[in-house]
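Q: I have a model in front of me and would like to learn how to read its features. Can we go through them one at a time?

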Amino acid sequence: MCSLCGVLGGNEHWTDAAARPGVFTRNHASFDRRRERAERVRAANEMLSGFGLVLSDWQGASFVLSTRTGRSEIIEDLGHLWPAAERLVGRYCDPLDLAFVARMEGRHVG
Amino acid sequence: MSVEASGFLPINLLTGFLGSGKTTLLKRILADPAFADTAVLINEFGEIGLDHDLVESVDGEMVLLRSGCVCCTVRDDLATALKELYSRRERGLLPPFRRVIIESTGLADPFPVLSTIKADPVLRHHFCAGNVITTVDTVNGLRQLDTYIESNRQVAVADRLIVTKADLEADSKGDSLRARLRTLNPDAPILTAADPNLDLSSLVAVQSDVSPSGSLSQSGFYCEEPVRLVSSDGVPHQAAISSISLSIDRPVDWTAFGLWLTMLLNRHGERVLRVKGILNLNGEERPVAVHGVQHLVHTPVHMDGWPSEDRSSRLVFILDGLDGALLKRSFEAFTLAHMPVVASCQIAAAR
C-alpha cells in the first residue's frame, strides 16, 4: 500500500512493461532506470510542447505535468498523462487532429 | 510465462448476438471433462437450461456440475460475484478451478467485463483477462451484422470466432459470412461449431501459451492482413467499422509508441475496438506482443522468439468510425522519425 495516498497495490500501466534495462528493475540498475525515465520525459515533452505543457520527473517515482503559468498535476504513469493534460489545457489532446499531426510530421523535416 | 504459471486465473468471456448459439456452446463446454476445472458465471441461471441430472447444488447461488465445473449466477455485480467465487475457492468450499467463463447474455459490449477485472484492485491480483469468444449464427449472422452495430462490435473484439448453425445453410452463405468476419476481425481464428474435430480447449488457450510455431492464428501468429473489400462499382465501402494493418520494417521505440497509443485511446478509446500486434522494439531481441480492447490494453507479452524470419512489426487496428488512413499517418508522425511505414498499409472497410 502506498503510504502517501493509501491506494492498495501499486498502480501498474502497460507502458511500464518494456524489457529494456531500467524499466522493470526497481532495486538495481538505478542509472538505467533514471535514463529510461529521462527518455520518457523527453519523448513526452516533444508531444506536449504543442499544448504548452511540460513534464518533469518527480523523485524517480512520479511525474509532474505543468502549464506555462505554473498550474500542475502529479501523475503516476503515462496512463494518466493525457487526461491530466486535457484538464490543464482545457481542450482535447487528439493524435488524429490534422494540425497536430502536421506539426509532429514537421519535427522530422530538416 | 503462461497464464497458469503466472498464478492469475484467466476469465474468458463468451459473447454473441441473441440466438447465436452461446448457450448451446456453453453446454457443450460444460459437458467436456477437459473443462472440469472451470467456474462459470452466467447472468441468469435459468437461461442455460441445464438439466437437473447435470448439476448438484452447492448452496442457493452455486451449483457443482457433474463435469466438475462450478456454476454461479451473477446476482449483483460482476466484481462481487468474482470475489465471492475466489473466496470460496481459497477456503476450500469450491474445487480449485483454474479458469472462469462468463456468458455475457445481455452484455452487448465485452469491454465492461474486461475493464472490471483490470480496475478492481482485488480482482486484478487474482484474475486476468482471458479470451473473448464470440458466436456468430450462419442463418442470421450477415443480417445482424448489416443491422446491429452491437453484433459488429462483438465480432471485432473476439479472440475466437465460432460460426454456428453452418449445417442449416448453403456453403455459399457460410463463405460470405466468413469473409465478412475476416474483414471485421482479421486476426481471430474462425472455428465452426459443427466441426467434429473442433478442439474446445483451443477456445480458452491463451496466446502466450501458444508457441510461435504452433500458432492458432491463420496468419502464423498475429495480424493477418485484412481483406480489401470493394463494392461493385470499385469504390471501397464507407464503413462504420474498418480494420487497418500496419507493417513497419524497422524497430519501434516503445516510449514513443506508448505515448501515442495512450493518447489515441484516451481520446478515441471507445472507437478503437481492438489493437493487436507484434512489435520489434529498439534494443530488444525478442518481439513483444500487444493486445488491447478499447481503453484497456493488456500487459504486453514478451515472446520467446519470432514466429518466422520476418522481423517487421505488425499491428492491426479495428476501428469504429475512425479514419484508418489518418491513423496510419498519425502513427508515422508520432512514432517513426524520418522513415515512413514502408511495407504495407491496408485498410479494409467492413460495412
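Q: In what order do the strands of the open sheet in chain A lie, and how are they paired?
A: To read a sheet, list its strands from one side to the other and then check their directions. In this predicted model, the open sheet of chain A has 3 strands in the order S1-S2-S3, with antiparallel pairing.

Q: Which strands stand at the edges?
A: Count the partners of each strand. Strand S1 (53-58) and strand S3 (72-75) of chain A each have a single partner strand, so one side of each has no neighbour in the sheet. On average, neighbouring strands here are turned by 25° against each other, direction ignored.

Q: How many bridges join strand S2 of chain A to S3(A)?
A: Strand S2 (residues 62-67) of chain A is joined to S3(A) by 4 bridges, and the two run antiparallel. As for single residues, A:Leu65 stands opposite A:Glu73 in S3(A).

Q: Which helix packs on this sheet?
A: Look for contacts between a helix and the strands. Helix H2 (residues 81-89) of chain A touches S1, S2 and S3 of chain A, and its direction makes about 170° with that of S3(A).

Q: How many aromatic pairs does the structure hold?
A: There are 8 over all chains. To classify a pair, take the distance between ring centres and the angle between planes; planes over 60 degrees apart count as edge-to-face. The ring centres of B:Trp260 and B:Phe317 are 5.9 Å apart and the planes are at 90°, so this pair is edge-to-face.

Q: Which parts of chain B does that pair tie together?
A: B:Trp260 belongs to helix H10 (residues 254-268) of chain B and B:Phe317 to strand S15 (residues 313-320) of chain B, so the pair ties together parts that are 57 residues apart in sequence.

Q: Are B:Trp260 and B:Phe317 buried or exposed?
A: Residues under 20% relative accessible area count as buried. B:Trp260 has a value of 0% and is therefore buried; B:Phe317, with a relative accessible area of 0%, is buried as well. Both residues belong to one aromatic cluster with B:Trp254, B:Phe257 and B:Phe331.

Q: Where does the charged end of B:Arg89 sit?
A: A charge can sit over a ring, so check the distance to the ring centre and the direction of approach. The charged end of B:Arg89 sits over the ring of B:Phe97, 5.4 Å from its centre. Between chains, B:Arg267 lies over the face of A:Tyr92, at 3.7 Å from the ring centre.

Q: Which residues of chain B does UniProt list for "domain: CobW C-terminal"?
A: The unreviewed UniProt entry lists residues 241-335 of chain B. Over that range the chain is 28% helix and 36% strand, and the end C-alpha atoms are 24 Å apart.

Key:
Residues are numbered from 1 along each chain as its sequence is written. Chains are lettered from A and ligands numbered from 1 in the order in which they are written. This is a predicted model: local features need pLDDT of at least 70, side-chain atom pairs count only at pLDDT 80 or more; totals for chains, interfaces and linings use all residues. Side-chain values use heavy atoms; hydrogens and water are left out. Two strands pair if DSSP finds at least two bridges between them. Axes are lines fitted to C-alpha atoms, for helices over the stretch in contact, and angles run from 0 to 180 degrees between N-to-C directions. Contact means heavy atoms within 4.5 Å. Rings of Phe, Tyr and Trp (its six-membered ring) pair if their centres lie within 6.5 Å; planes under 30 degrees apart count as stacked, over 60 as edge-to-face and the rest as tilted. Buried means under 20% relative accessible area, exposed over 50%, partly exposed in between (1.4 Å probe, protein chains only). A charge sits over a ring if NZ of Lys or CZ of Arg is within 6 Å of the ring centre and within 35 degrees of the ring normal. UniProt positions are given in the numbering used here, feature names are shortened, and annotations may be inferred rather than shown by experiment.
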